Each structure stands twice: as structure tokens, then as C-alpha cells.
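Subject: Structure handover

Hello,

Here is the structure you will be taking over. My notes on it follow below.

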Amino acid sequence: MIYSKEVKMMCPVAQGVNHGAAPIPEEAKWVKSKEVTDISGFTHGVGWCAPQQGACKLTLNVKDGIIQEALIETIGCSGMTHSAAMASEILPGKTILEALNTDLVCDAINTAMRELFLQIVYGRTQSAFSEGGLVIGAGLEDLGKGLRSQIGTTYGTLEKGPRYLEMAEGYITGIALDADNEIIGYQFVSLGIMMDHIKKGDDANTAFEKAKGQYGRVEDAVKIIDPRHE
């Protein structure tokens with residue numbers, strides 16, 4: 001250790017006050033974290049790229065400082081999906097400190113990792129007061145049927161009004177309108193459920209019918225329009 005001349009000339013004074021790390025909540029315990037291995041928690045959060053043209057929702061399950069589970073969901077530029085594929089290989093098995101200093105390919109994923117790191121090391125996790133934390137696999141519960149991300153995609157113009165394209169329930173196939181042409185409900189097909197039926201042997205049309213559903217007052221509609229073609 002190299003000291004400056006000014007420090008060398010100082011007279012030593014005892015460091016009397018040293019209470020150590022403040023305890024943080026981790027999986028229903030209060031922990032004074034001093035090492036990376038002292039950190040556990042399940043949490044998720046959002047990151048964005050520098051030009052703010054894409055975003056990532058990252059979910060991590062950390063046990064004893066090691067990332068055991070990672071769910072990466074991206075929206076924006078097409079290259080982000082490939083970055084997410086690489087991140088799903090990179091993250092599990094790393095300590096949260098290693099992950100923070102690892103290139104996760106996409107700025108949005110890197111930023112999400114930074115934000116989650118802060119949540120985790122400060123004890124602000126979803127599992128802070130859950131005894132034993134959440135099981136490995138809890139990240140998949142964030143997804144919808146057929147393990148598809150729950151996405152909302154809507155579009156609107158002043159001239160023609162709103163169009164619902166994708167909601168948490170699934171791909172929108174019809175928008176229900178009342179006599180004033182206001183939306184009162186919608187029809188959808190859950191692509192995750194549809195693919196599950198196809199994998200079980202159903203033909204596409206049968207699977208499509210089984211995966212259909214509706215939300216709102218569809219029965220009261222004066223007309224139902226196709227949001228993509230009308």
C-alpha cells in the first residue's frame with residue numbers, strides 16, 4: 001500500500017465507531033451482508049438501451065449470491081431477442097457481482113441487471129419477507145399460458161381511432177363495438193394454448209377454436225371488427 005507524504009505525517013487516531021453493515025431483509029431473515037454469498041432474493045425489473053429504442057424486463061432468482069434462475073423478456077429492436085438468448089446462457093451460475101460486470105450483449109439487458117443489482121443488495125426484493133425465498137422456477141410464473149410473455153400492443157390514429165392488437169390474454173382477433181362505435185370488449189386467441197393443443201395432435205383449426213376467448217361485453221356488440229384489416 002502506498003501512502004502520500006501528507007498521510008504519513010498524520011498522527012494516528014483510533015476508529016472507535018464501527019457498527020458494521022446495516023441488516024437487510026432477505027427471505028424472511030435480517031442479514032448483515034458483507035460478502036456476495038450473503039445475498040439472496042428473487043426480483044424483477046426493467047432496463048432500457050441508451051437511445052431508449054428498446055427495453056428488457058429481467059427476472060432473477062439469487063441464492064447465496066449465485067444466480068440460479070434468469071428470465072429475460074425484451075421488446076424493441078429485433079437484435080434484442082438474440083441478446084436475450086445469450087443472456088439466458090450467461091447469467092445462471094454467476095454471482096450477482098460477476099453478472100453486473102459481464103457484457104450481456106444488449107444495453108437494455110445490462111441496464112436491467114444494474115437496476116436489479118441495486119434492488120437485491122439493498123434488500124428490496126420481491127421475496128424479502130418470504131421464508132426460504134421463492135423456488136427455482138418462480139420466474140416462469142410471470143409468463144402466460146404456454147409460457148408466452150404477457151404483452152400489450154395497441155395502436156390508434158386520430159382519423160380511425162384505437163386498435164387492440166395483443167393483450168395479456170392473447171392475440172386479438174376481433175374488437176367489439178357498441179352503437180356509438182366505442183369499444184366494449186374484444187375476442188382473442190391464446191397462442192400459447194393453441195400451440196399446446198397442436199403439440200398434442202390437434203389440427204390447427206381445432207386448436208384455434210379451443211384457444212379462443214373473449215373479454216368484456218362482446219355479446220352486446222353491434223358489430224365486431226378485425227383490428228388488423230378494418
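I start with one helix. In α5, which spans residues 191-199, the buried residues are Gly192, Met194 and His197. The cover over these buried residues of α5 includes β9 (183-189) and α6 (204-210). Just past the end of α5, Gly201 has a positive phi of about 115 degrees. Please keep in mind that this is a predicted model.

The chain as a whole

The chain contains six helices and eleven strands. Its radius of gyration is 25 Å, well over the 17 Å that the globule rule gives for 230 residues, so the chain is more spread out than a compact globule. Along the principal axes, the C-alpha atoms of the chain fill a box of roughly 85 × 40 × 30 Å.

Of the 230 residues, 34% count as buried. If one takes the contacts between residues at least 6 apart in sequence, 51% of them join residues at least 24 apart. The accessible surface of the chain is about 14,300 Å², and carbon and sulfur atoms account for 54% of that surface. As for charge, there are 21 positive and 30 negative side chains, and the centres of the two sets are 4 Å apart.

The nonpolar cores

Which residues have the most contacts inside the largest nonpolar core? They are Leu58, Leu60, Ile72, Leu91, Ile109 and Met113, in a core of 24 residues. The elements giving two or more residues to this core are β4 (55-63), β5 (66-75), α2 (79-90), α3 (96-100) and α4 (107-121). The largest share comes from α4, with seven residues.

Leu58 is a useful residue to look at here. Leaving aside residues up to four places away in sequence, Leu58 touches Thr43, His44, Gly45, Leu71, Ile72, Leu91, Ile109, Ala112, Met113 and Leu116. Another core lies apart from the largest one; this other core has six residues, among them Ile172, Ile175, Phe188 and Ile225.

Leu104 is in the loop between α3 and α4. Is Leu104 buried or exposed? Its relative accessible area is 0%, so Leu104 is buried. Beyond residues up to four places away in sequence, Leu104 touches Ser83, Ile90, Leu91, Ala99, Ile109, Asn110 and Met113. One of these, Ser83, is 21 residues from Leu104 along the chain, and the C-alpha atoms of the two are separated by 7.1 Å.

Two glycines in strands

Gly185 belongs to strand β9. With a relative accessibility of 4%, Gly185 counts as buried because the limit for that class is under 20%. Its contacts, not counting residues up to four places away in sequence, are Ile175, Ala176, Tyr215, Gly216, Arg217 and Val218. Arg217 is 32 residues from Gly185 along the chain, yet the C-alpha atoms of Gly185 and Arg217 are separated by 5.3 Å.

Gly156 is in strand β6, residues 153-157. Gly156 has a relative accessibility of 47% and counts as partly exposed. Outside the residues up to four places away in sequence, Gly156 touches Gly161 and Pro162.

Two loop residues with positive phi

Asp64 sits in the loop between β4 and β5. The phi of Asp64 is near 50 degrees, a positive value in a residue other than glycine. Asp64 has a relative accessible area of 52%, and it is exposed because that class begins over 50%.

Where is Asn181? Asn181 is in the loop between β8 (170-177) and β9. Phi is positive for Asn181 too, near 65 degrees, and this residue is likewise not a glycine. The relative accessible area of Asn181 is 48%, so Asn181 falls in the partly exposed class.

If you want a place to begin, open the view at Leu58, one of the residues with the most contacts inside the largest nonpolar core. Then turn to Gly185 in β9, and from there to the buried residues of α5, whose cover includes β9.

Regards

Technical notes
Residues are numbered from 1 along each chain as its sequence is written. This is a predicted model: local features need pLDDT of at least 70, side-chain atom pairs count only at pLDDT 80 or more; totals for chains, interfaces and linings use all residues. Side-chain values use heavy atoms; hydrogens and water are left out. Buried means under 20% relative accessible area, exposed over 50%, partly exposed in between (1.4 Å probe, protein chains only). Helices (H or I, at least four residues) and strands (E, at least two) are DSSP runs, numbered from the N terminus. Contact means heavy atoms within 4.5 Å. The radius of gyration is taken over C-alpha atoms; the globule rule is 2.2 Å times the number of residues to the power 0.38. Accessible areas come from the Shrake-Rupley method with a 1.4 Å probe; for residues, only the protein chains shown count as cover. Lys and Arg count as positive and Asp and Glu as negative; His and the chain ends are not counted. The place of a charge is taken as NZ of Lys, CZ of Arg, CG of Asp or CD of Glu. A nonpolar core is a set of buried Ala, Val, Leu, Ile, Met, Phe, Trp, Tyr and Cys residues joined through side-chain atoms within 4.5 Å.
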